[in-house]
Amino acid sequence: MPDERAAALAALAVEIEACRACPLGSQRTQSVPGEGSPHAELLLVGEAPGAHEDAAGRPFVGAAGKLLDLLLNLIGLQRPQVYVLNVVKCRPPENRDPEPTEIAACSGFLERQLALLQPVIIAPLGRHALRAFAPEGETRQTPVGTTLFPLYHPAAALHNGALRPTLERDMGALSRALPAARSAWRVARGGAGEASLSEIEAAAERDQLRLFESEAQ
Ligand code: URA
């Protein structure tokens with residue numbers, strides 16, 4: 001069966017590559033739309049591509065990406081099992097923070113990616129990514145049933161090694177939050193209408209077991 005979600009994400013990536021809605025589109029080498037499993041439960045969201053990502057056209061391929069891989073491995077996950085993308089798809093020159101106008105110009109792509117992916121958990125990496133979901137003074141905006149689980153940006157732990165144990169602990173907490181987030185996701189999306197509460201609880205228990213199994217690997 002063709003994977004419609006994968007096809008829609010690939011079509012969106014073509015649009016992103018052609019986008020010139022802000023000046024970054026003409027300054028970067030290539031866009032970085034994001035990648036991973038189209039059916040991932042966990043979506044990790046960075047801020048914007050850096051030099052390595054700009055050259056590769058892929059998110060988190062530099063030092064921060066290597067740490068991200070290690071953190072995922074801690075909870076039994078590999079990169080192809082999750083989805084990774086950035087709020088802004090083109091590299092800001094000199095790795096400066098993206099301007100609000102650039103974030104706004106890219107926000108339609110982020111919204112469409114979220115609508116296609118429908119993740120169980122969104123983990124914004126760092127405060128800039130978090131702001132895309134929890135703008136100051138506004139209520140959080142995530143897809144229906146999705147749990148927001150903010151994490152430090154891995155680059156922060158590279159600059160300040162003291163943050164690494166915190167990031168590792170937070171990753172473990174994210175893993176433990178997954179079964180309840182899955183249940184909330186199913187209920188919010190109408191799963192409760194089809195399955196009885198005991199069925200949902202049994203599914204959550206099975207998920208918990210699966211999680212322990214993957215943690216034990
Ligand atoms: N930092 C980010 O926020 N995103 C990347 O893709 C790489 C580094």
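Start by selecting Asn95, in the loop between strand 3 and helix 5. This is a predicted model, and the backbone here does something worth a look: phi of Asn95 is near 60 degrees, a positive value in a residue other than glycine. Most residues other than glycine have a negative phi. Is Asn95 buried, exposed or partly exposed? It is partly exposed, with 13 other C-beta atoms within 10 Å.

Now jump to Phe60, which sits in the loop between helix 3 (51-56) and helix 4 (63-74). Phe60 isn't a glycine either, yet its phi is positive, at about 50 degrees. Its surroundings are another matter: Phe60 counts as buried because it has 28 C-beta neighbours inside 10 Å, the cut-off for buried being 20 or more.

Next, show the strands. Five of them make an open sheet with mixed pairing, and the order across it is 1-3-2-4-5. Which strands stand at the edges? Strand 1 (35-36) and strand 5 do; each has a single partner strand, so one side of each is left without a neighbour in the sheet.

Step inward and select strand 2, residues 42-46. Five of its five residues are buried. Colour the two faces separately if you like: Leu42, Leu44 and Gly46 lie on one side, Leu43 and Val45 on the other, and both faces are covered.

Strand 2 also lets you trace the pairing in both directions. Towards strand 3 (residues 83-86), the pairing is parallel over four bridges. Pick Gly46 in strand 2 and you'll find its bridge partner in strand 3, Asn86. Towards strand 4, strand 2 again pairs in the parallel sense over four bridges. Two pairs to click on there are Leu42 with Ile121 and Val45 with Pro124.

Carry on to strand 4 itself, residues 121-124. What covers its two faces in terms of burial, buried or exposed residues? Buried ones: Ile121 and Ala123 on one side, Ile122 and Pro124 on the other. From strand 4, go across to strand 5 (residues 147-148), where the two strands pair in the parallel sense over two bridges. Ile122 is a handy marker, with Leu148 in strand 5 as its bridge partner.

While you're at this part of the sheet, turn on helix 8 (residues 164-188). It lies across strand 4 and strand 5, and it runs at about 135 degrees to strand 4.

Now for a helix pair. Select helix 1 (residues 4-18) and helix 5 (residues 100-117): their axes come within 10 Å and cross at roughly 170 degrees. That angle is over 145, which makes helix 1 roughly antiparallel to helix 5. Show side chains where they meet: Arg5, Ala8, Leu9, Leu12 and Ile16 come from helix 1, while Phe109, Arg112, Gln113 and Leu116 come from helix 5. By class, this contact has six nonpolar, one polar and two charged residues.

Last stop: colour by pLDDT. The chain averages 89, and 84% of the residues score at least 70. Residues 193-197 fall below 50, and beyond near neighbours in sequence that stretch has one contact in the model. Residues 207-217 are below 50 too, but this stretch has eleven contacts in the model beyond near neighbours in sequence.

Methods: Residues are numbered from 1 along each chain as its sequence is written. This is a predicted model: local features need pLDDT of at least 70, side-chain atom pairs count only at pLDDT 80 or more; totals for chains, interfaces and linings use all residues. A residue is buried if 20 or more other C-beta atoms lie within 10 Å of its own, exposed if 12 or fewer, and partly exposed in between; C-beta atoms are placed from the backbone. Two strands pair if DSSP finds at least two bridges between them. pLDDT is the predictor's confidence in each residue, from 0 to 100. Two residues are in contact if their C-beta atoms, placed from the backbone, lie within 7 Å. Axes are lines fitted to C-alpha atoms, for helices over the stretch in contact, and angles run from 0 to 180 degrees between N-to-C directions. Angles under 35 degrees count as roughly parallel, over 145 as roughly antiparallel, 65 to 115 as roughly perpendicular and the rest as oblique. Ala, Val, Leu, Ile, Met, Phe, Trp, Tyr, Cys and Pro count as nonpolar, Asp, Glu, Lys and Arg as charged, and the others, Gly among them, as polar.
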